[in-house]
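User: I've got a model open and I'd like to talk it through before heading back to the bench. Can you walk me through it?

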Amino acid sequence: MPDFETSTSLQLFRQLKVFLNLRFGATREQLPLLDKDSQGNIAEEQELQRTRERLRAKDEQIRHRDREIKSLRAQLKDGGKAASSSLGNDGSEAPAFFVVGRGKSGTSWLMRIFDAHPDILCRGEGRFFGRDWKREDLKSEQVGVPPRSLYGAIRESEYLRYWIERSVWSRGGDLEEHLAGVTRAAADYFLEQKLAESGKRIVGDKTPLLTPEFVRDIAEVYPDAKVVHIVRDGRDVTVSAVHHQWNKATDQGGSLRMTPDATRRREAYRQDPSSTSMFSEDNLRGRARAWRNFVGRASEDGPALLGDNYTEVRYEDLLERPEEETKRLLSLLGAKSDEKTVKQCVEKTSFEKLSRGRKPGEEDATSFFRKGIAGDWKNVFTERDREIFEEEAGDLLTRLGYER
């Protein structure tokens with residue numbers, strides 16, 4: 001907000017300087033050099049001297065007040081109580097970025113790589129977007145996951161809609177545009193509070209693709225945001241997702257409900273993996289269709305709606321060339337990407353570190369970081385599983401280069 005008192009004082013002083021220049025044909029610094037004839041008399045010279053002193057004193061007061069204002073703003077920002085929209089702690093432009101991908105595609109790993117950077121704060125899962133995503137069952141669950149996305153909650157607010165439609169400040173405008181603007185203001189508020197507390201410069205959120213239109217929602221709310229979409233072979237995604245569901249089932253102390261048939265299949269598979277498939281046919285078809293719809297739509301919407309602010313990284317490439325891919329992504333975010341910084345980010349988030357000592361390929365079926373390799377689906381899928389997945393999502397597997 002402008003400092004009106006300081007601004008007004010500056011204007012008055014500048015006008016006075018102009019008057020003196022016009023009246024005597026000299027700048028403030030030149031006045032002492034004028035002769036007595038030009039000054040008129042000694043009394044007038046003394047008055048001018050006093051005027052100069054008052055101007056110097058006022059200048060110093062203004063400079064002092066400016067320093068106090070800057071200090072106060074810094075203190076407020078350090079306390080997370082004030083932040084300017086889309087600003088980093090150093091005052092430079094740093095729009096938020098978002099990490100997206102189908103669940104179990106490596107989104108959490110990529111989030112940790114970014115967060116290991118000295119200038120980047122990256123957390124998950126904010127669930128800012130996904131206008132149509134809603135989980136009524138999560139209302140009563142103490143799982144730390146909101147049952148509605150922020151965008152959806154704002155769009156669903158009946159009284160907020162009334163206010164926008166009828167307020168003198170907003171009526172007559174585009175309702176959808178206003179709802180997107182309110183969502184951005186709210187998201188900025190939460191992101192920038194944590195950014196100020198962290199002392200870092202760039203902030204980002206990791207949230208899995210909750211709906212096929214997820215990237216479209218980001219483009220509506222944050223058209224200037226950077227979006228990193230991590231893509232993984234849908235068959236590996238499916239295997240990892242089923243293990244995750246099994247481990248997070250209610251009978252394992254988690255919050256995910258499983259059908260009796262899925263529970264029986266889990267126990268049979270754990271006792272003898274060769275005796276049965278991990279999936280029922282309906283379950284596998286549903287997972288393959290979801291991967292095709294969510295990932296396929298995001299990979300189309302990203303370049304079309306966000307242009308160069310959208311990029312993709314393959315989970316497989318991040319495994320094979322972690323430093324090269326990390327450097328590329330850090331450059332996109334405007335973060336320093338020198339060799340030392342990139343190596344630090346990669347080493348801090350290696351599979352060995354995240355799994356507490358296991359090497360890639362050494363499986364712990366109960367761990368969030370289960371195996372850390374690509375192509376594990378080949379060890380799990382039956383021939384019939386392969387056929388089903390290709391029937392439902394073979395075109396996207398081919399388009400992304402996972403199948404010829």
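User: Let's start with T107. Which helix is T107 found in?
Analyst: Keep in mind that this is a predicted model. The helix to look at covers residues 107–115. T107 is found there, in α4.

User: Is T107 buried or exposed?
Analyst: Leaving aside neighbours within four places in sequence, T107 touches V99, V100, G101, R102, K206 and I230. Its relative accessible area is 4%, and the cut-off for buried is under 20%. So T107 counts as buried.

User: What about the whole protein chain: how many helices and strands are there, and what share of the residues count as buried?
Analyst: The secondary structure comes to 16 helices and five strands. The chain has 404 residues. Of those, the share that count as buried is 43%.

User: Where is F128 found, and is F128 buried or exposed?
Analyst: F128 sits in the loop between β2 (120–124) and α5 (150–156). Among its contacts beyond four places in sequence are F98, Y151, L191 and D205. With 8% relative accessibility, against a cut-off of under 20%, F128 counts as buried.

User: How far apart are the C-alpha atoms of F128 and A153?
Analyst: Along the chain, F128 and A153 are 25 residues apart. In space, their C-alpha atoms are separated by 9.5 Å.

User: Now α9. What span should its 14 residues have, and what do its end C-alpha atoms give?
Analyst: Helix α9 runs over residues 234–247. At 1.5 Å a residue, counting one less than the number of residues, the expected span is 20 Å. The end C-alpha atoms agree with that, being apart by 20 Å.

User: Which residue caps the N-terminal end of α9?
Analyst: Look at the backbone nitrogen of R235. A side-chain oxygen lies 2.9 Å from that nitrogen. The oxygen belongs to the capping residue, D233.

User: And which helices do the buried residues of α9 pack against?
Analyst: α9 is mostly covered, with twelve of its 14 residues buried. Among them are V237, V239, H243 and W246. The buried residues pack against α10 (260–271), α11 (281–306) and α16 (383–399).

User: How many disulfides does the count come to?
Analyst: A disulfide is a covalent bond between the sulfur atoms of two cysteines. C122 counts as buried at 4% relative accessibility, and C345 counts as buried at 0%. For a disulfide, two cysteine sulfur atoms must be within 2.5 Å. By that rule the count comes to zero.

User: Which residue does R297 meet in a salt bridge at 3.6 Å?
Analyst: R297 is in helix α11, and its partner is in the loop between β3 (202–206) and α8 (214–221), 84 residues apart. R297 counts as partly exposed at 28% relative accessibility, whereas the partner counts as buried at 19%. That partner is E213.

User: Last one: R384 meets E387 in a salt bridge, so which residues are joined with them into one network?
Analyst: R384 and E387 both lie in helix α16, three residues apart, about one turn of the helix, and their side chains meet at 3.1 Å, N to O. R384 also meets E391, at 3.7 Å. Salt bridges that share partners join R384 and E387 into one network with E281, R285, R289, E391 and E392.

Technical notes. Residues are numbered from 1 along each chain as its sequence is written. This is a predicted model: local features need pLDDT of at least 70, side-chain atom pairs count only at pLDDT 80 or more; totals for chains, interfaces and linings use all residues. Side-chain values use heavy atoms; hydrogens and water are left out. Helices (H or I, at least four residues) and strands (E, at least two) are DSSP runs, numbered from the N terminus. Buried means under 20% relative accessible area, exposed over 50%, partly exposed in between (1.4 Å probe, protein chains only). Contact means heavy atoms within 4.5 Å. A polar contact is a pair of N or O atoms within 3.5 Å; within protein, one must be able to donate a hydrogen and the other to accept it, and residues adjacent in sequence count only if both atoms are side-chain atoms. A salt bridge is a side-chain nitrogen of Lys or Arg within 4 Å of a carboxyl oxygen of Asp or Glu.
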